[in-house]
Amino acid sequence: MDDSVINIENLVKYFDGRCVLDGINLKIQQGCVYGLLGRNGAGKTTIIRILLGLDFPTRGQTFLLGKDSSRLPAKIHGRIGCVSEGHNLIQNYKVNRLIKLCKDLSLQWNNDFFEHLIETFRLPLDRRVKELSMGMRAQLNLALAMAIEPELLILDDPTLGLDTVARRQFLELAVEIIQKQGRTILFSSHILSDVERIADRIGIIAAGKLVVDCTLEELKERVKKLRIIFPESVPENLYLTEIVNQKTTSREMIITVANWNPQKQTILDTFKPSSCTEIPMSLEDIFIECTSPVHEPISSQIKEAQSA
Amino acid sequence: MLNIIMLIKREIKDNIAFLLVTISFSLILAVFMVSMTLQSDTLIDLIIYDTGVYIVVFLILAINFSAMGITQMYLDRTRRISAYLSTLSVNRNQILIARIITGILTIFVFFVPIFITGAYQASVLNGPIPTYPTLLIKMFFISFLISFACYCIGLQTGWNSGMIAPIFGGIFLSCIFVTLVLIKGFYSEIIALLLIFIIAILINIRCTFKTKSL
């Protein structure tokens with residue numbers, strides 16, 4: 001039986017004739033902390049809005065906790081916590097009124113935990129939401145989302161607009177919550193270090209497609225950046241498949257290769273290089289390679305290799 | 001069910017100004033009707049005075065109900081209230097139902113005291129018009145339907161983009177509607193016409209609210 005908490009099937013979305021999402025397929029299993037990456041305007045928020053039933057797909061279907069997300073029953077909504085981009089909440093409400101509303105409209109409410117969060121954040125209860133700073137609103141949003149003890153927590157670029165300290169505080173709390181609760185989390189961001197910190201599986205959206213969907217370790221294993229030095233000049237007939245990027249000087253060659261494997265190592269060894277050292281790649285480096293339009297086919301190859 | 005009650009409570013708090021205006025006008029009219037009952041020499045005088053003031057107050061409140069509908073939907077759209085509420089354990093249907101029930105309650109707040117006062121007048125004065133109680137019920141029922149239709153026009157126009165067009169469009173439509181009914185009179189046919197209009201506009205509101213992005 002399919003135990004995926006989030007299931008996206010061939011999701012297509014057009015805005016004013018422009019294709020934003022082009023056949024996204026994604027399954028997120030229970031207990032997974034999934035980091036959704038993409039550049040600004042890549043379609044991360046659109047996916048989340050469709051999942052929450054706030055927007056509708058042009059084609060395809062999305063399921064949350066086994067139910068069609070365009071017709072989510074209220075009870076299913078009650079099992080999902082959401083921290084949305086911009087932390088809009090209800091701007092003209094006082095904080096304590098908003099808390100009461102959320103409490104009244106929740107299926108369950110962990111008051112002790114909520115009080116603990118409010119004390120930790122030192123949120124002023126008598127001020128209007130619009131008078132709070134972006135950081136405070138983010139904290140309030142997270143506290144409200146966590147108080148209902150959700151099975152699924154959706155965080156849509158929650159650290160957007162926060163300063164470094166607020167972002168760190170937010171992420172530390174998120175990490176703490178994740179470690180303690182072990183629930184399914186969909187975390188969207190364009191700040192790679194944030195995702196790298198908390199996600200155990202990542203997806204990268206580029207040009208409306210999900211070009212990468214694997215664990216962080218798998219991704220780092222598959223994409224290698226090598227500095228190869230030859231005794232004389234770089235051989236002209238050196239050919240490796242799935243080269244993402246290549247830079248050659250007289251004796252030195254720096255290449256980024258997708259799906260690095262022993263066969264490729266053997267091919268390289270036949271050219272007897274003087275040295276071959278791996279240059280460590282951060283997620284940011286991989287992200288830039290994968291989302292670059294020039295190398296899009298390579299990204300697809302990574303995904304094809306994963307599915308194979 | 002509990003969620004709908006909470007949502008109604010929220011709507012009432014958010015639109016308390018409209019409720020207060022309605023209560024004020026309702027009480028003013030009720031006091032006026034009682035004082036006229038005690039002071040008028042003839043029943044005809046009473047009916048003329050009552051009807052005159054009733055029409056003025058009713059016109060003001062029809063605009064009030066229309067403005068309430070516009071405000072509810074306009075603020076919802078601009079402040080993205082439903083977008084946030086939809087992330088809690090409620091769905092769009094419940095939000096819309098709570099909103100409409102709040103509108104109906106506000107309209108009732110106006111009509112209940114007036115209806116009681118009218119019934120009091122009918123019991124005090126045994127006038128020469130035997131059909132007075134029936135006419136009274138029909139008049140109040142049609143007035144209620146007109147108010148609700150105006151409120152629905154407000155809901156419909158408030159969801160449109162822009163600010164000027166929805167407000168003036170809604171008020172203009174409400175005025176035309178009220179005037180039309182006043183000219184044609186309180187006939188039974190108008191009930192059917194109003195019911196069809198209300199059902200059609202409610203279906204349209206529901207479809208729009210359910211299918212639009214929040």
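**Exercise 1. State which residue stands opposite A:Ile228 in S13(A), then place that pair in its sheet.**

Solution. A:Met253 in S13(A) stands opposite A:Ile228. The model is predicted: local features need pLDDT of at least 70, side-chain atom pairs count only at pLDDT 80 or more, and totals for chains, interfaces and linings use all residues. Residues are numbered from 1 along each chain as its sequence is written, while chains are lettered from A and ligands numbered from 1 in the order in which they are written.

Step 1. Fix the terms. Strands (E, at least two residues) and helices (H or I, at least four) are DSSP runs, numbered from the N terminus. Two strands pair if DSSP finds at least two bridges between them.

Step 2. Find the strands. Strand S11 (residues 224-229) of chain A runs antiparallel to S13(A), and six bridges join them.

Step 3. Turn to S14(A). There A:Cys276 is the bridge partner of A:Ile228. S11(A) and S14(A) run antiparallel and are joined by five bridges.

Step 4. Add S12(A). This strand pairs with strand S13 (residues 252-257) of chain A over five bridges, in the antiparallel sense. A:Val257 in S13(A) is the bridge partner of A:Ile243.

Step 5. Assemble. The four strands make an open sheet with antiparallel pairing, in the order S12-S13-S11-S14 (chain A). Strand S12 (243-248) and strand S14 (275-279) of chain A are the edges, each pairing on one side only. From one strand to the next the twist averages 20°; axes here are lines fitted to C-alpha atoms, for helices over the stretch in contact, and angles run from 0 to 180 degrees between N-to-C directions.

**Exercise 2. Trace the pairings of S4(A), and find the residue with a positive phi in the hairpin turn.**

Solution. Step 1. Strand S1 (residues 4-15) of chain A and strand S4 (residues 59-64) of chain A run antiparallel, joined by five bridges. In S4(A), A:Arg59 stands opposite A:Val12.

Step 2. S4(A) also pairs with strand S5 (residues 67-68) of chain A, antiparallel, over two bridges. A:Lys67 in S5(A) is the bridge partner of A:Leu64.

Step 3. S4(A) and S5(A) form a hairpin with two residues between them. A:Leu65 in the turn has the positive phi, about 50°.

**Exercise 3. Give the domain bounds of chain A and the distance between the domain centres.**

Solution. Step 1. The bounds come from an automatic or database domain assignment. Chain A has domain 1 (4-215) and domain 2 (218-307).

Step 2. The C-alpha centres of domain 1 and domain 2 of chain A lie 35 Å apart.

**Exercise 4. Describe the fold elements of chain B and check the span of H3(B).**

Solution. Step 1. Chain B has eight helices and zero strands.

Step 2. Helix H3 (residues 43-79) of chain B has 37 residues. From first C-alpha to last it reaches 51 Å, close to the 54 Å expected at 1.5 Å a residue. The expected span is 1.5 Å times one less than the number of residues.

Step 3. Just after H3(B), B:Arg80 takes a positive phi of about 55°.

**Exercise 5. Characterise the side of chain A that touches chain B.**

Solution. Step 1. Count contacts (C-beta atoms, placed from the backbone, within 7 Å). 22 residues of chain A are in contact with 17 residues of chain B.

Step 2. Helix H2 (74-77) and helix H3 (95-104) of chain A each supply at least two residues of this side.

Methods. Contact = placed C-beta atoms within 7 Å. Nonpolar A, V, L, I, M, F, W, Y, C, P; charged D, E, K, R; others polar.
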